[in-house]
Amino acid sequence: MAGCNTISINATKAGMEGIDKEKINKIIEEASKGSKFYLHKEKSQMDKLISTLESVRDLSHAIIHIDMDAFYAAVEMRDNPELKNRPMAVGGEGMLSTSNYHARRFGVRAGMPGFIGRKLCPELVIVPCNFDKYTATSKVVQGIFSQYDKSYCMMSLDEGYLDLTNYLDNLEEADGEKPDVEEVVNELRRKVFEATELTCSAGIGCNTRLAKIGSDQNKPNGQFVIPADKEEILKFIHDLPIRKISGIGNVTEQLLNSVGVVTCSDLFEKRGMLSLLFSEISCHQFMEIALGLGCTDLNEYNVSERKSISTETTFKATSNQEEIHKILEELCEELSEDMKNKCLFGKQFTLKCKLDTFDTLTRQTNLAFCTNDSSIMLKTAKVLLEKEISKLNSFCVRLLGVRMSELLSDQETKKQVTIDHFLTAKKENSDVCPVCLKEIAYWTVSEFAHHVNKCIDTENGETSSESKVNSDTKISKENILKESEPLYNRHDRDEICTSKKRKLTTIPEMFKKKKVEKIVTCPVCNVWTVDECKSYELNQHIDSCLI
């Protein structure tokens, strides 16, 4: 385990041949981790990282983070003025999505179970979620965003990022004077209020991290600017509590607090120790936070960087299945709306259950196709839940969560090639019935077989009743005749059609002896064909095509 950051054994001395260098180096490493020398070595490595990060500091952008104030609650209060002066929240007994500022004074907040909210505030009014209404209002807000930045990035229904750099440059070219970014943002917020009767808060910074922090500084209905100056940024970030940083949650905060890290400046001061306790990725993030660095390109906020999306809630332990299903329904609807807002689809569904014994069960399944449909999620969740209930004598739950992973964007799902694509693929060339010579560009196998059978019956003086044609599988009918010689070449066929002559002697023997059976074409190569009943041969062929 010897490396550039550790003290390793020098095994070139006489008498040290054949020793276990790896074992000895591991013991030396563990014993020296607490030494000043070891911490100094780690600190030096972190200093190299800091130097690299500083070299790419970009102060040229004007990034704005807009956050609607208590969005769901604000929409409900707008539509029902009686709620304005009362503590209220949006959600259900299982989980609250948001609360107004009256309720927040009692400690009621988003993500809290409704029954706990009522205990904190007995007068709390809980209004069911109406995502159709919130989505419609969000689209109005997004219409205003697009006036300032066509490439704005929504993170959810109630918050988004804008890069005003180009907008400000265009204003400067038109007026000849450098525009004030604060005035522009104030104008944007005023337009949002005029269009929706809702307030929003804004943060202004040279990157998304600073803008996000800034939008929380003067809430509600305020804005805050962090100057695009290195010294001003470091001064602002110095005493900021680490929990104020997006991405540092409760668990990470407790881990950092345990080693004396409380503010962002502590991340820098204890960088050597942090490199021993956290992963390389985490340390990279911590140093970016300590330096006030962040993303300056909104295009980087894409779906490929997001591994999963989830929601969960804690509630009073219950074994009532009807109540559990109701909570699951609320969770799936919330997750679905969140995914739809971000244009995400997922294929892997996970159900999380924490029992009253504090044991946690996590069950996962792959869906047949990518989706963000709440009804499909709920159905899947119920199936997974029933399996667990059947295994346990008693099933009392205090936490439920749902998660979708293997995410794709709307555009990516359209690019996916599935078996349905092969089965519904159309052929470019048209085909002709060998009996009546009728030419149609695209027929299903069943339609073609039905048509030929009918023509044969007609030629033989028989009657054939119309039957319902199964048109699920779209394959060009030319494959049915693949094994026989072409009836006519194009010139002869045109001549026969013109003279309206019929030459039944040219019909292949397969049509003379019996009616056409349903033929299946390989959905991979679109060439090989086989009778429908010979499914084993078809499967073997498909396997060979896919190799």
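**Exercise 1. Is C332 buried or exposed, and why?**

Solution. Start with the cut-offs: buried means under 20% relative accessible area, exposed over 50%, and partly exposed in between, using a 1.4 Å probe and protein chains only. C332 has a relative accessible area of 1%, so this cysteine is buried. Now try C153: its value is 10%, and therefore C153 is buried too.

A word on the model before going on. This is a predicted model, where local features need pLDDT of at least 70 and side-chain atom pairs count only at pLDDT 80 or more, while totals for chains, interfaces and linings use all residues. Residues are numbered from 1 along each chain as its sequence is written, and side-chain values use heavy atoms, with hydrogens and water left out.

**Exercise 2. How many disulfides does the structure hold?**

Solution. A disulfide is a pair of cysteine sulfur atoms within 2.5 Å. Applying this gives zero disulfides. C153 shows how the check works: its nearest cysteine sulfur belongs to C295 and lies 8.7 Å away, and C153 is in no disulfide.

**Exercise 3. Find where C396 sits and which residues it touches.**

Solution. First, locate C396 in the loop between α16 (374-391) and β12 (397-409). Helices (H or I, at least four residues) and strands (E, at least two) are DSSP runs, numbered from the N terminus. Next, list the contacts, meaning heavy atoms within 4.5 Å. Leaving out residues up to four places away in sequence, C396 touches A317, T318, S319, K354, L355 and D356. Finally, look at K354: it is 42 residues from C396 along the chain, with 8.7 Å between their C-alpha atoms.

**Exercise 4. Describe the surroundings of E406 in strand β12.**

Solution. Begin with exposure: E406 has 42% relative accessibility, so it counts as partly exposed. Then come its contacts beyond four places in sequence, among them K307, F345 and Q348. With Q348, the side chain of E406 makes a polar contact of 3.4 Å. Such a contact is a pair of N or O atoms within 3.5 Å; within protein, one must be able to donate a hydrogen and the other to accept it, and residues adjacent in sequence count only if both atoms are side-chain atoms. Last, C370 is 36 residues from E406 in sequence, and their C-alpha atoms are 8.6 Å apart.

**Exercise 5. Put these residues into the whole chain: what share of it is buried?**

Solution. The chain has 547 residues, and 41% of them count as buried. Its secondary structure comes to 22 helices and 16 strands.
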